[in-house]
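Work through these exercises with the model open beside you. Try each task before you read its solution.

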Amino acid sequence: MKVEPEYKIDSVSDESSPTTNFTSDHRDFYQEILFGMKKIGFREFLHGHHFRGLVSELRQIHVEDIMAELMSESSDLSVWFFKELRDIYGFRHSRFSTLLVSHIFAGQRRFKELQVILEQLLQEEGKLCELLSNSFRKWESTGLVWDMLLFLSSRLRMVDESLYILKKMKDRNLNVSTQSYNSVLYNFRETDKMWDVYKEIKDKNEHTYSTVVDGLCRQQKLEDAVLFLRTSEWKDIGPSVVSFNSIMSSYCKLGFVDMAKSFFCTVLKCGLVPSVYSHNILINGLCLVGSIAEALELASDMNKHGVEPDSVTYNILVKGFHLLGMISGAGEVIQDMLDKGLSPDVITYTILLCGQCQLGNIDMGLILLKDMLSRGFELKSIIPYSVMLSGLCKTGRVDEALSLFYDLEAYGLTPDLVAYSIVIHGLCKLGKFDMAVRVYDEMCYKRILPNSRTLGAIMLGLCQKGMLLEARSLLDSLISSGDTLDIILYNIVIDGYAKSGCIEEALELFKVAIESGITPNVATFNSLIYGYCKTQNIAEARKILDVIKLYGLVPSVVSYTTLMDAYANCGSIKSIEELRREMKAEGIPPTNVTYSVIFKGLCRGWKLENCNQVLRERILEKFNHVLRDMESEGITPDQITYNTIIQYLCRVKHLSRAFELFKKMKSQNLDPTSATYNILIDSLCIYGCIRKADRFLYSLQKRNVSLSKFAYTTVIKAHCVKGDPEMAVILFNQLLDRGFNVSIRDYSAVINRLCRRHLAIESKYFFCLMLSRGISPDLDICEVMIKSDELLSWTIKWGLLPDQ
DNA sequence: TTAGGGTTAG
């Protein structure tokens, strides 16, 4: 039976010398225990009621003295006491007793047990160095404990401690094992210090050499690594597969899969057997350059080399499909995985989740996450949740992201810097800056320090709020902090300037970036193009296209589309066509944003306001032509493209064609937006089809479609004008019932129109309705009311004559 | 050797 610890351990400031705290009480206490043990028998005493009663009084100092006493009889007894206390009573031992037992283990060469207790010691203790030296002076045994401590501390990345121990060992001429040296070497493999450690190692082994190769690869000294591999120094051992793997991995990271392949062949030629690692590295490299077919082939050939794919292999392949944007293609990989008796793990699920989110299938992602939860992966990692948070944020579903974020704690997960940054960024992007700041403060309160990405999100929020000065000073503070900054952080503020039409400031910041040696990217220039277009300087904007090329970059579809939009706004169809040809020549495919702009340009250029029947037919023909272009290029219009086309079809009075497109939109599973409905309802009203507008509105209401206020006010206004004020009243009340924020402008629009039609009763009705809703009339409304003969006396009665 | 966060256009 396990007994829960019934005491708290005092923190003892200096346990290195137990005798310093020796008091008569203490001595009595431990002698009482020793006496009991000897009389009753050690095991019986320790497990009996008597000892249990003493446990709450037990302190580390007692334990140390008892152990020292037991040592004089038999070291095994001392170890036994140590373990019983730890395992039965959950006693947390002091450094002294741990080291005492360590030396016993070392002497008896019980390395596994030695490793376990030293690991615990290293993980629990903070400032070890100076205390260790005091503790070790007590034993003149072999250097085994030191060596093990060196090995473990360097494996735990406790660099300072390991260097300290190494120095002490050298001072005392104690033997440092190759294993420990290799572990130290490993910690320094990414720095020049690696060679100092390397030189000290007398008995170098395979691990030593492969660590050096790996280090050189990590230091981007790939050629040196290859040279080292060929060095005669280790001819007697010969290079290992591990070293080849490091080199192959480096070539793959650089995108040189062919080089990796040739090293793979060299492995075979040397008579070595490529491991699962070697295969996985090469399969991963192939996937990264998009050669999924070859990757699959290599995976299926693995058994020819006497190895079997593992779950890492399958995950790499799943990721390969994900990278190609073909996550559905991963189905077969998963099936193979299951056939081999391997189950998808958290990583598999996370990649699948990434793939679904990338395709915008957020709901599918949520299902996957749920599935994962039901398989009990919930406590393992925050990463899948971060993927989900990111997917939700990118599609504007920030509220859901926030609620998932705050559920994390319930799943036993603590959000980390990445998760916080995703949510903060999502909120900023959506303009919810105040909420973002609240989350940011919460993060800081939890002592999670923001990095430049988190601060980039905050800068984005500031820019969107128009707080450019604040955004700039945040950027400046990052610059002066001395960290190397990304172009992206500059881009955020440059774009902020451009969006607000501050092209001079944008250019100035651009210069700062260049002078700091930061290379701009296409997004930087695209923002500048936007800035010039915004300030009506299309000529300068266009010149940027050449500047982009001067920097060795390629203009993107965004560069062209932004320029086209500027031309579209002034109806310059010719320039748009020119750019369209240039894009085609450069091999830059348009997107549906480009096409929206093209449609806009066509409509503006044709001056639709005065268009006759012949022109209308030509426009319709052109629209159909461009739509066919889109189709042939495999671009599916999105909601905004549809809205643009529908809007312009409406402008040229092709309502039937507009409604056809509306139907087509739905048939393609694209949910019309409230703007779509607004455009259609507005057009029906403009062209006098008010009954149709009523029916359309009614059908939408019946289907619970979410409509904006505009849809209602448009129909209401039409009824006021066309003389059906009763319908206006009915719809206006619906507007109020549905909780829309009805302003004085809405009342004004209705009253204005009714007065002009001399509809006095309804005017009064709306006037009173407005007052009853706590809205006071403004000067405009009063003037309109007074101008109407029927309402003049009524208005005077209400005391609403203007002051003058 | 496998999983998460950033900038630009309608």
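## Exercise 1: A buried cysteine

Cys650 is buried, with a relative accessible area of 3%. The model is predicted.

**Task.** Find the helix that holds Cys650. Then list what Cys650 touches beyond its neighbours in sequence.

**Solution.**

Step 1. Locate the residue. Cys650 lies in helix α37, residues 639-651.

Step 2. Check the burial. The cut-off for buried is under 20% relative accessible area. Cys650 has 3%, so Cys650 counts as buried.

Step 3. List the contacts, leaving out residues up to four places away in sequence. Cys650 touches Leu655, Ala658, Ile679, Leu680, Ser683 and Tyr687.

Step 4. Take one partner, Ile679. It is 29 residues from Cys650 along the chain, yet their C-alpha atoms are separated by 7.9 Å.

## Exercise 2: Helix α17 and His279

**Task.** Is His279 buried or exposed? Describe the helix around His279, from its start to the residue just after it.

**Solution.**

Step 1. Place the residue. His279 is found in helix α17, residues 276-288.

Step 2. Read its accessibility. His279 has a relative accessible area of 0%, so His279 is buried.

Step 3. Name its contacts, setting aside neighbours within four places in sequence. They are Phe264, Pro274, Leu298, Met302, His305 and Val307.

Step 4. Look along the helix. Other buried residues of α17 include Ser278, Ile281, Leu282 and Leu286. Among the elements that cover the buried residues are α15 (241-253), α16 (257-269), α18 (292-300) and α19 (311-323).

Step 5. Inspect both ends. At the start of α17, a side-chain oxygen of Ser275 comes within 3.2 Å of the backbone nitrogen of Tyr277. Just after α17, Gly290 has a positive phi of about 85°.

## Exercise 3: The two faces of helix α30

**Task.** Test the length of α30. Then sort residues of α30 into buried and exposed.

**Solution.**

Step 1. Count and compare. Helix α30 has 13 residues, 503-515, and should span 18 Å at 1.5 Å a residue. Its end C-alpha atoms are 18 Å apart, so the two values agree.

Step 2. Find the buried residues. In α30 they are Ile503, Ala506, Leu509, Phe510 and Ala513.

Step 3. Ask where they point. These residues cover an arc of only 125° around the axis, so they sit on the same side of α30.

Step 4. Find their partners. The buried residues of α30 pack against α28 (468-480), α29 (487-499) and α31 (522-534).

Step 5. Turn the helix around. The face away from the buried side carries the exposed residues Glu504, Lys511 and Glu515.

Step 6. Move past the end. Gly517 follows α30 and has a positive phi, near 80°.

## Exercise 4: The surface around DNA strand B

**Task.** How many residues surround DNA strand B? Which helix gives the largest share of this surface?

**Solution.**

Step 1. Count. There are 55 residues around DNA strand B, and the closest are Tyr277, Asp486, Asn491, Lys499 and Asn526.

Step 2. Sort them by type. The surface has 23 nonpolar, 21 polar and 11 charged residues.

Step 3. Find the main contributor. Helix α25 (residues 417-429) provides the largest share, seven residues.

Step 4. Pick out polar side-chain atoms. One of Lys319 lies 2.4 Å from a phosphate oxygen of DNA strand B. One of Asn315 lies 2.8 Å from a base oxygen. One of Asp638 lies 2.9 Å from a base nitrogen.

Step 5. Look at the DNA side. Of the atoms of DNA strand B within 4 Å of the protein, 45% belong to sugar or phosphate, and the rest to bases.

Methods: Residues numbered from 1 in each chain as written. Chains lettered and ligands numbered in written order. Predicted model: local features only at pLDDT ≥ 70, side-chain atom pairs only at ≥ 80, totals over all residues. Heavy atoms only, no water. Near = heavy atom within 4 Å. Polar contact = N/O pair within 3.5 Å; in protein donor to acceptor, adjacent residues only side chain to side chain. Helix = DSSP H or I, 4+ residues; strand = E, 2+ residues; numbered from the N terminus. Nonpolar A, V, L, I, M, F, W, Y, C, P; charged D, E, K, R; others polar. Expected span 1.5 Å × (residues − 1). Buried < 20%, exposed > 50% of the residue type's maximum accessible area, 1.4 Å probe, protein only. Arc of directions from axis to C-beta. Contact = heavy atoms within 4.5 Å.
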